[in-house]
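Biologist: I should be grateful for a close look at one part of this model, namely the empty space in its interior. Please describe what surrounds that space, and then set it against the rest of the fold.

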Amino acid sequence: MILRRPTKTATAPDPALRGTRPSFKALVLAAIAGGLSLFSFDPFGWWPLQFLVLAWLFYQVGMGSSVKRATFLGWAFGFGWSVAGMHWLYIAITRFGGLPAVLGAIAIALLGLYMGLFGALATGLSTWLRKRWSLPVPAFLLLVLPVLWGVSEWMRGWVFTGFPWAASGYAHNVAPLGGFAPLVGVYGIGVLVALCASCLVMLTQRHKMPALALFGALLVAGGLLRQVEWTHPSGQPITVRLLQGNIRQDEKFAAEYLGEILVRYRDMLTAAPADLIAAPETAIPVFPHQLPPGYLGTFNDFAARSGSYYLFGIPLANNAADYANSVAGIGPQGQAYRYDKHHLVPFGEFIPTGFRWFTNLMQIPLGDFTRGAAVQAPFPVKDQLVLPNVCYEDVFGEEIAKQLRDAPRPATLLLNVSNLAWYGESVAIPQHLQISRMRSLETGRPMLRATNNGATAIIDGRGNVQQQIPYYRQDVLAARVQGMAGMTPYIRCGNLLFLGLGALALAGAWLAGRRRRRADA
């Protein structure tokens, strides 16, 4: 008979947390805690709050919780996080999509339940591994939970085409941890956010000082990384004019307003010269063959006279059944350019298999676009190479990194053209600006933003907003911008570096559990 020593734990599990499934009250508290994460993002910017809400969740699942309990708490937390962070989708599907209010609320709740599954994966799988590998508390909290939290966010960014909005790392673009963006990207920052939260939980254990030291070291390291110059100036700066037409969404695709819209953008596009003049997504909301005769010729003439280059959003068709959400370019020597949106929005720009009945309930025009190529050439503008991305595309940092990594001539400037009028006067606009700032941090390149109603802005290669015009008004942003060249580690590796380090952390946790099992044998 083999005698085994009692298992050693840093702190005895809390009996109140051992139940096989959480109470309704616990689920509600988890959903509220997840919902509070909204205030860590812009326009609020209370990024330290994210450490606290994640620490609350990790404490609940870390102190002796069952797998089932941890899974349900993670699901409720993810549900609250998602519904709070993306509640503005309700405006699009009810006010502009025509869906009844009750069905709109149900749709948002169902989306939240789906998104919550990724939180459930992080907490449930980590708790299962804790029991399977007999992990000590430090290995569970400092290695397994943070890594699986980051992996769950990464999976949310690509499963069923992905919906990574409100990933935890976005809250830290101006915080110390933002310095890690050029290395590990937004999902790697998510792991570090979770690690900081775990350090707070470790304050309830015996090893308080090491936890505090690790927490401080992460923030200091991030601050120091912000001083590193990952990219360098390339070519001569160019002048830009970024247009914000402020077209009401209920007018944008209405036939009775088309003439007024076309006149507004014609006048804005030809009001003054610049090296680059950019207009928002679907600034011209109809196909070229539907435009008045000579309309596009006006821009060719102005470009030739002034030496200006144009980029503007317009739907372009190859045939009656094949059309794209595109950005068209015109140069002063008759250059023509086309970029087709690659990453399409489910239900808004393509219809997932089996869901046509749902899109038929809504009244969203141009709802089944053709996907553009994954890597497309940038648009040469004097000394600079400008790479467009359309609205939702700049939520996918690895795809932009791939465009830069695989292009024969990598872009020196990024340009986002968007129309967020679908979401009314909500937090969607400042959240999207925050996402663009993360793309600049990851790539070390300026991001120009030309939007319908905000946020039209210029972001430098360090993620700082240099200039911005107010939301919800017709205006033009004129500035001078310096392009940047060079490859950050994130451009070179994408998410592979974050995933590789995560795999090493999990391997370290497994070894810690193995040593513990041997010691207990």
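**The largest cavity and its surroundings**

Modeller: Helix 6 contributes four residues to the lining of the largest cavity, which is the largest share from any element. The model is a predicted one, and the mean pLDDT of the protein chain is 92, with 92% of its residues at 70 or more. One stretch must be set apart from that figure: over residues 1-18 the pLDDT stays under 50, and the model has 30 contacts beyond four places in sequence for this stretch.

The cavity itself holds about 100 Å³ of space. Helix 6 (137-156) shares the lining with helix 3 (67-85) and helix 5 (101-133), and each of these helices supplies at least two residues. The residues that line the cavity are G78, W81, S82, M115, F118, G119, W149, S152, E153 and R156. Sorted by class, four of the lining residues are nonpolar, four are polar and two are charged.

The connection between two of these helices also deserves attention. S134 is placed in the loop between helix 5 and helix 6. Its phi is positive, at about 55°, although S134 is not a glycine. Most residues other than glycine have a negative phi, and most peptide bonds are trans. The second half of that rule has exceptions in this model as well. D42 and P43 are joined by a cis peptide bond with an omega of about 10°, and P43 sits in the loop between helix 1 (24-36) and helix 2 (48-62). Another cis peptide bond joins G454 and A455, with omega about -5°; A455 belongs to the loop between strand 10 and strand 11.

The largest cavity is one of five cavities of 30 Å³ or more found in a search of the whole structure. The second largest cavity contains about 90 Å³ of space. Its lining consists of Y339, H342, A374, L387, P388, N389, E393, E399, I400 and Q403. Strand 8 (384-390) and helix 13 (397-406) are the elements that give two or more residues to this lining. Five of the residues that line the second largest cavity are nonpolar, three are polar and two are charged.

Strand 8 leads from this cavity to an open sheet of six strands, in which the order is 7-8-9-10-11-12 and the pairing is mixed. Strand 7 (379-381) and strand 12 are at the edges with a single partner strand each, so one side of each has no neighbour in the sheet. On average, neighbouring strands of this sheet are turned by 25° against each other, direction ignored. Strand 8 runs parallel to strand 9 (residues 413-418), and five bridges join the two. V390 is found opposite V417 of strand 9. Helix 14 (residues 428-443) lies across strand 9, strand 10 (447-451), strand 11 and strand 12, and it runs at about 155° to strand 10.

Some of these strands also meet open space. The second largest pocket has a volume of about 380 Å³. It is lined by 24 residues, among which G444, D460, G461, R462 and M484 lie nearest its centre. Strand 11 (457-459), strand 12 (465-468) and strand 13 (475-481) are the elements that give two or more residues to this lining. The greatest contribution, three residues, is that of strand 13. The lining of this pocket divides into eleven nonpolar, eight polar and five charged residues.

Strand 13 belongs to another open sheet of six strands, with mixed pairing and the order 6-5-4-3-2-13. Its edge strands are strand 6 (336-340) and strand 13, each of which pairs on one side only. From one strand to the next, the twist averages 30°. Strand 13 pairs with strand 2 (residues 238-244) in the antiparallel sense over seven bridges. Within this pairing, L477 in strand 13 is the bridge partner of L242. Across strand 3 (276-278), strand 4 (309-319) and strand 5 (322-330) lies helix 11 (residues 295-306), which runs at about 145° to strand 4.

To return to the part requested, the lining of the largest cavity draws at least two residues from each of helix 3, helix 5 and helix 6, whereas strand 8 and helix 13 do so for the second largest cavity.

Note on methods. Residues numbered from 1 in each chain as written. Predicted model: local features only at pLDDT ≥ 70, side-chain atom pairs only at ≥ 80, totals over all residues. Heavy atoms only, no water. 1 Å grid on protein atoms, 1.4 Å probe; cavity = no way out; pocket = protein on both sides within 12 Å on 5 of 7 lines; lining within 4 Å. Points joined across faces, edges and corners; volume = space filled by probe spheres on them. Nonpolar A, V, L, I, M, F, W, Y, C, P; charged D, E, K, R; others polar. Pairing = 2+ DSSP bridges. Axes fitted to C-alpha atoms, helices over the stretch in contact; angles between N-to-C directions. Contact = heavy atoms within 4.5 Å. pLDDT = per-residue confidence, 0-100.
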